[in-house]
Amino acid sequence: MTAKIIDGKVIADEMKAEIAEGVKKLAAGGIKPGLATVLVGENPASHTYVGMKRKMCAELGIESFGHELPATASQQEVEGLVKTLNADPKVHGILVQLPLPSGLDEEAVLRAISIEKDVDGFHPINIGRLAQKGREPMFVPCTPAGCIILLKKAGAKLSGANAVVVGRSNIVGMPAALLLVKEDATVTICHSRTKDLAGVVRQADIVIAAIGKAEMIRGDWIKPGAYVIDVGTNRKEDPTKKSGYRLVGDVAYDEAVEVAGAITPVPGGVGPMTIMGLMQNTLRGAQMTAK
Ligand code: NDP
């Protein structure tokens with residue numbers, strides 16, 4: 001059996017067209033969605049990510065307001081900027097690029113963001129609501145939300161499915177597991193202390209891999225017909241590439257594709273969904289102010 005390939009780029013492009021339509025509708029009412037980005041310090045990867053997000057805003061007609069603070073910025077300065085952005089009516093979403101330089105209290109900064117503008121969905125109240133039955137967060141973290149969209153678009157039946165999430169980080173694994181619970185899946189969360197990981201993954205109708213270890217999940221761990229979402233983005237040496245490396249996921253794709261029912265490639269699976277989730281959340285933030 002060869003798995004159906006879940007093309008994140010195509011699905012993200014569909015979302016992009018819908019978001020562009022939503023932006024146009026708001027513009028007719030005189031509202032332009034605005035995203036403020038807060039970048040603290042000199043982390044090159046963070047600069048690249050913020051640059052990509054702002055470029056996508058420009059493509060969609062979303063205004064972006066870039067704010068940069070030095071790595072030496074104090075807790076008070078970072079929180080002060082967030083509070084100023086909370087009060088700015090042109091800003092509908094605030095994105096504080098993580099990780100913050102050491103010495104800053106990340107949770108306190110995230111807590112300072114107004115939950116109505118928490119487009120990354122990392123405010124403790126939004127995460128708390130995600131974990132509670134009958135409560136809904138204002139915003140859901142973008143990468144996990146993208147995983148669920150990909151599963152649904154691929155035709156996975158989530159209700160009652162046995163889902164295994166490998167990884168329990170605050171930004172991917174844990175919110176992905178909470179979202180699956182909201183979808184009525186029966187969820188097992190695995191991490192570095194899990195015993196017999198292969199045996200647990202073998203029971204899964206749905207696998208979400210968010211580990212950060214190149215090709216760790218092997219093809220013979222996958223239950224035939226399972227839906228596999230690979231969040232991992234890892235560099236693997238490849239002398240045939242000019243850069244000397246290529247990107248691979250946490251799943252051994254060439255093996256898993258022979259067993260799974262459907263699978264996301266890396267790159268071109270979850271990655272394109274993350275940035276589009278942020279755009280969608282920013283649009284929603286602006287739509288809420290229009291009501
Ligand atoms: P973290 O490092 O924060 O979390 C990794 C998780 O994997 C932890 O829960 C850890 O367990 C678990 N883990 C580590 N080793 C093992 C092991 N041997 N067996 C089982 N579990 C293990 O990573 P992130 O969640 O931030 O990211 C995960 C991956 O997703 C990375 O490759 C990252 O680059 C990628 N990513 C991709 C995005 C996209 O848009 N495509 C967005 C965000 C991330 P423990 O808790 O016990 O330490």
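Trainee: What share of the contacts in the protein chain with a separation of 6 or more comes from residues 24 or more positions apart?

Mentor: Those far-apart residues account for 68%. Keep in mind that this is a predicted model.

Trainee: What makes F65 and T37 an example of residues far apart in sequence?

Mentor: Set their spacing against the cut-off of 24 or more positions. F65 and T37 are 28 residues apart in sequence, with 6.2 Å between their C-alpha atoms. F65 sits in strand 3, residues 63-69. Beyond its neighbours within four places in sequence, F65 is in contact with T37 and also with G34, L35, A36, R54, K90 and V91. For a contact, heavy atoms have to be within 4.5 Å.

Trainee: How do you know whether the radius of gyration of the protein chain agrees with a compact globule?

Mentor: Use the globule rule, 2.2 Å times the number of residues to the power 0.38. For 291 residues that gives a value near 19 Å, and the protein chain has 19 Å, so the two agree. The C-alpha atoms fill a box of roughly 55 × 40 × 40 Å along the principal axes.

Trainee: How many of the 291 residues count as buried, as a percentage?

Mentor: It's 49%, with buried meaning under 20% relative accessible area.

Trainee: And why is the largest nonpolar core said to lie between domain 1 and domain 2?

Mentor: First, the core itself: 53 residues, among which L151, L180, I208 and M279 touch the most other members. To belong, a residue must be buried and joined to others through side-chain atoms within 4.5 Å. Helix 10, residues 271-290, supplies the largest share, seven residues. Domain 1 (30-128) and domain 2 (141-271) both contribute residues, so the core lies between them. Looking at L151, its contacts more than four places away in sequence are A156, L158, L180, I206, I208, Y227 and I229. There's also a second, separate core of 21 residues, including A36, L81, V91 and A112.

Trainee: Why are strand 1 and strand 6 called edges of the sheet?

Mentor: The open sheet has six strands in the order 1-11-8-7-5-6, with parallel pairing. Strand 1 (4-5) and strand 6 (186-190) each have a single partner strand, so one side of each has no neighbour in the sheet.

Trainee: What makes strand 5 and strand 6 a pair?

Mentor: Pairing takes at least two bridges. Strand 5, residues 162-166, and strand 6 have five bridges in the parallel sense, so they qualify under that rule. You can pick out V165 opposite I189 in strand 6.

Terms used:
Residues numbered from 1 in each chain as written. Predicted model: local features only at pLDDT ≥ 70, side-chain atom pairs only at ≥ 80, totals over all residues. Heavy atoms only, no water. Buried < 20%, exposed > 50% of the residue type's maximum accessible area, 1.4 Å probe, protein only. Helix = DSSP H or I, 4+ residues; strand = E, 2+ residues; numbered from the N terminus. Domains from an automatic or database assignment.
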